[in-house]
Amino acid sequence: MNIVLLSGGSGKRLWPLSNDIRSKQFIKIFKTADGGYESMVQRVYRQIKTVDADATVTIATSKTQVSAIHNQLGEKVGISVEPCRRDTFPAIALATAYLTDVQGVSPEETVVVCPVDPYVEDDYFRALKALGEQAAKGEANLVLMGIEPTYPSEKYGYIIPADAGAVSMVSTFKEKPDASTAKRYIEQGALWNGGVFAYKLKYVLGKAHELIDFTDYQDLFEKYDTLTKISFDYAVVEKEPAIQVMRFAGEWKDLGTWNTLTEAMGEHIVGDGIMNDNCSNVHIVNELDVPVLAMGLRDVVISASPEGILVSDKEQSSYIKPFVDKINQQIMFAEKSWGSFRVLDVEEESLTIKVTLNPGHSMNYHSHKNRNEVWVVISGTGRTIVDGMEQKVHAGDVITMQAGCRHTVFADDELQLIEVQLGREISVHDKQKYPLET
């Protein structure tokens with residue numbers, strides 16, 4: 001089974017846990033069997049491999065998310081990197097070219113495309129496998145998954161099937177309606193359009209060449225920023241007459257808001273939180289090192305992170321985006337391929353960060369033009385290289401680096417350090433990378 005997971009957007013509706021780097025699919029909020037927590041992308045990837053251990057998984061994503069994906073899924077997962085955001089048709093065209101030109105998948109093979117962030121059980125992934133098998137028959141150019149609606153939602157488009165069969169031709173599509181219109185659609189046998197579909201690679205490659213002037217994957221990648229922003233639905237689906245829909249009646253939730261996310265959480269408190277017995281339908285998600293206490297609240301979500309604190313009625317939390325759009329601040333937490341960092345303090349001419357490096361990982365060998373840095377190792381062991389000089393380090397060691405000095409750090413086991421940046425022009429763009437000669 002070839003699966004392309006679409007991982008785009010910043011997920012601002014789940015602020016303050018999400019930001020422009022840490023999208024909602026990377027938030028570790030779901031309890032695992034061993035007592036830890038996993039994110040949406042980890043959960044979906046694990047479920048895919050449970051159903052089909054040999055599945056080829058490719059994640060179509062922006063370059064800002066690559067480090068987080070490697071951090072959570074490892075280095076072996078396939079990634080089709082979008083140089084910039086150009087909506088779903090360019091993203092799917094690029095991923096399709098990546099599979100054929102880079103991964104060497106035959107154009108005759110089928111691929112299933114789905115979002116990375118639905119809350120589903122294993123039967124959903126068995127249905128994805130069946131969807132791919134249906135597309136392989138060649139009875140239609142596209143095979144969509146139609147979600148059996150559980151209520152007249154205004155959030156989804158609707159698929160009207162030609163008949164009531166498990167697989168049928170599509171009669172028509174309907175845009176996102178109001179509630180009363182959605183109710184009429186459902187009475188006509190309509191299904192939710194969850195953005196899940198399967199096709200033979202050669203079909204989308206052909207459509208891509210019809211709409212975009214390019215030769216191969218590399219050519220498409222290099223001109224990606226010139227492409228027109230357009231969704232796959234508008235560019236392909238609504239113009240294609242030969243489309244089938246396969247019904248899916250299992251559990252399927254779009255966890256796009258705090259209201260829907262808390263419905264899928266296995267517990268009411270994640271992190272350091274307390275609530276009294278007079279609370280009802282309250283969820284606390286706390287990533288800070290201070291306790292959160294809730295008393296006498298109903299239908300409320302409380303979320304605290306280095307980015308900020310949210311206290312909201314659950315229903316009202318769906319309308320958070322325009323308020324978050326007004327917030328302009330430095331990214332306070334991010335996962336990288338080598339570990340993670342959390343900003344502890346921001347001053348006019350200093351920035352203090354807690355850095356965690358995973359065992360066996362290192363930062364890039366780099367320098368800064370406009371700032372000095374000081375590292376204080378607080379736990380773990382490793383080694384630093386400063387202007388070519390290597391030194392073993394452990395808890396209590398202090399390393400100082402002047403502006404222009406080339407430096408990196410390697411972790412033997414989990415290594416934590418406090419990094420203090422000092423300068424009048426502290427910026428994420430002030431970084432020059434170098435090859436490391438060993």
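Start by selecting methionine 295, in the loop that runs between strand S17 (292-294) and strand S18 (298-305). Keep in mind as you click around that this is a predicted model. Methionine 295 is exposed, because its relative accessible area is 53% and the exposed class begins over 50%. Now add Ile274 and Leu293 to the selection: together with Met295 they make a nonpolar surface patch of about 320 Å².

**Into the interior**

Next, look for enclosed space. Rolling a probe the size of a water molecule over the atoms shows where empty space is left. How many cavities of 30 Å³ or more does the structure hold? The count is one, and the volume of the largest cavity is about 30 Å³. To find it, select Phe30, Met40, Arg43, Val44, Asp117, Pro118, Tyr119 and Leu255, which line this cavity. Colour them by type and you'll get six nonpolar residues, two charged ones and no polar ones. Helix H1 (40-51) and strand S7 (118-120) each bring at least two residues to the lining, and the largest share, three residues, is from H1.

**Salt bridges**

There are 14 salt bridges across the whole structure, so let's just visit a few of them.

Pick glutamate 38 and arginine 46. They form a salt bridge, and their closest N and O atoms sit 2.6 Å apart. Which of the two partners is buried? Glutamate 38 is, since its relative accessibility is 8% and buried means under 20%. Arginine 46 has 40% relative accessibility, so it counts as partly exposed.

Now jump to arginine 424 and glutamate 349, whose side chains meet in a salt bridge at 3.8 Å, N to O. What does this pair link? It connects distant parts of the chain, 75 residues apart: arginine 424 is in the loop between strand S29 (415-422) and strand S30 (432-434), while glutamate 349 is in the loop between strand S21 (339-347) and strand S22 (350-357). Show the surface here and compare the two ends. Arginine 424 is exposed, with a relative accessible area of 73%, whereas glutamate 349 is partly exposed at 41%.

One more pair: select glutamate 390 and arginine 383, where the side chains make a salt bridge with an N to O distance of 3.4 Å. Arginine 383 has a relative accessible area of 26%, so it falls in the partly exposed class.

**A stop at valine 409**

Go to strand S28 (residues 407-411) and click on valine 409. Buried or exposed? Valine 409 is buried, because its relative accessibility is 1%. Then put a distance label between the C-alpha atoms of valine 409 and glycine 382: it should read 7.2 Å, although the two residues are 27 apart in sequence.

**Last stop: a pocket**

Finish with the second largest pocket, which holds about 1,300 Å³ of space. To centre the view, select Ile21, Lys336, Phe341, Val428 and Lys431; of the 39 lining residues, these lie nearest the pocket's centre. Which elements should you show around it, each supplying at least two lining residues? Turn on helix H2 (66-73), strand S20 (333-336), S21, S22 and S29. If you colour this lining by type, expect 15 nonpolar, 13 polar and eleven charged residues.

Technical notes: Residues numbered from 1 in each chain as written. Predicted model: local features only at pLDDT ≥ 70, side-chain atom pairs only at ≥ 80, totals over all residues. Heavy atoms only, no water. Patch = residues over 30% accessible without salt bridge, like charges linked within 9 Å, V, L, I, M, F, W, Y side chains within 5 Å. Areas by Shrake-Rupley, 256 points an atom, 1.4 Å probe, with all protein chains shown as cover. Salt bridge = Lys/Arg side-chain N within 4 Å of Asp/Glu carboxyl O. Helix = DSSP H or I, 4+ residues; strand = E, 2+ residues; numbered from the N terminus. Buried < 20%, exposed > 50% of the residue type's maximum accessible area, 1.4 Å probe, protein only. 1 Å grid on protein atoms, 1.4 Å probe; cavity = no way out; pocket = protein on both sides within 12 Å on 5 of 7 lines; lining within 4 Å. Points joined across faces, edges and corners; volume = space filled by probe spheres on them. Nonpolar A, V, L, I, M, F, W, Y, C, P; charged D, E, K, R; others polar.
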